[in-house]
Every structure is written in structure tokens, then in C-alpha cells.
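Trainee: Could you take me through one part of this model up close? I'd like the sheet, along with whatever packs or loops around it.

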Amino acid sequence: MRAFPHIEDIPLVASPGNYKREEIADITCSDPKKKWILLSFTTLDWDDRALANVEQIEDCEFFTVHPLTWQRPNIHALDREQVDFSSAIASVDAVISKPGFGILSDCIVNRKP
């Protein structure tokens, strides 16, 4: 493209996190034996019906990162002061998010679907 005459490949802009599943389980009172899913969104407009549906998924623990917080037994909000974002990703089984370069890089480097 004439608008971009100089193209240069860059590596992933992410660092692997530290596996902190037991520490996160202690902080959030979650079950480390269940599937852990990180809902990686700054905001997500779920109503009570949607949250009730998620609450019925008994074999999974769901995690968000502040400021996204819901009061449900199987949805836990993580504070970045306690668990850094890369370590949260390294500690879960999968991530649900909108596609973006940052989160995709974090998932690749931490080997998470």
C-alpha cells in the first residue's frame, strides 16, 4: 500500500503470567477443580436473566477484572492489585473476550483458548 510504504513485523506484545490458581482460589473462595473462564471485558451489559443463566453453569467458575463486578456465587471479580492480568490469564482454562491485539497476544503467550 502506498499509504504504508514501510512494513515491519513486530513480535507479540505480551509476557507470560505466573500460574496462581491456588492463590486466586483462596482470594475468591472459588473451586480450583472446576473449569475456570475469564470474561475479559471492561464492561458487559448482562441483565439478571443472563447472570442467572451463567450462575446455573455449575461446572465452571467465571472471573472478571475490576471494575466489572457481579454478585453471583460462581462469578468472581479479581483486583489487579492482588493478581496481575497476565497471571489471571495464565491461571484460567479459557478466555472469553472481544478480539483485539492485546488480549490475543496475552492468550497466545499464556497458551489459552
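Mentor: Let's fix one term before we start: contact here means heavy atoms within 4.5 Å, and axes are lines fitted to C-alpha atoms, for helices over the stretch in contact, with angles running from 0 to 180 degrees between N-to-C directions. Keep in mind that this is a predicted model.

With that in hand, look at helix 1, residues 21-28: it lies across strand 1, strand 2 and strand 3, and runs at about 75 degrees to strand 1. Underneath that statement sits the sheet itself. It is an open one built from four strands, paired in parallel and ordered 3-2-1-4. Strand 3 (75-78) and strand 4 (94-97) are the edges, each pairing on one side only. Going from one strand to the next, the twist averages 30 degrees.

Now zoom in on strand 1 (residues 35-40) and strand 2 (residues 60-65), which pair in the parallel sense over four bridges. If you want a residue to click on, try L38: its bridge partner in strand 2 is F63.

Next, the loops. Most residues other than glycine have a negative phi, and most peptide bonds are trans, so the exceptions deserve a look. Between helix 1 and strand 1 there's a loop that holds C29. C29 isn't a glycine, yet its phi is positive, at about 60 degrees. It is also exposed, with a relative accessible area of 69%. On the other side of strand 2, in the loop that leads to strand 3, you'll find P67. The peptide bond joining H66 and P67 is cis, with omega at about 20 degrees.

One more backbone oddity turns up in the segment after helix 4 (101-109), where R111 is found. R111 has a positive phi too, near 55 degrees, and is not a glycine. This residue is exposed, at 75% relative accessible area.

Finally, the cysteines. A disulfide takes a pair of cysteine sulfur atoms within 2.5 Å, and by that rule the count is zero. C29 is in none, as the nearest cysteine sulfur, that of C60, is 19 Å away. How far is the sulfur of C60 from the closest cysteine sulfur? The distance is 16 Å, to C107, so a bond is ruled out because that is too far. C60 counts as buried, at 8% relative accessibility, whereas C29 is exposed.

Technical notes. Residues numbered from 1 in each chain as written. Predicted model: local features only at pLDDT ≥ 70, side-chain atom pairs only at ≥ 80, totals over all residues. Heavy atoms only, no water. Pairing = 2+ DSSP bridges. Helix = DSSP H or I, 4+ residues; strand = E, 2+ residues; numbered from the N terminus. Buried < 20%, exposed > 50% of the residue type's maximum accessible area, 1.4 Å probe, protein only.
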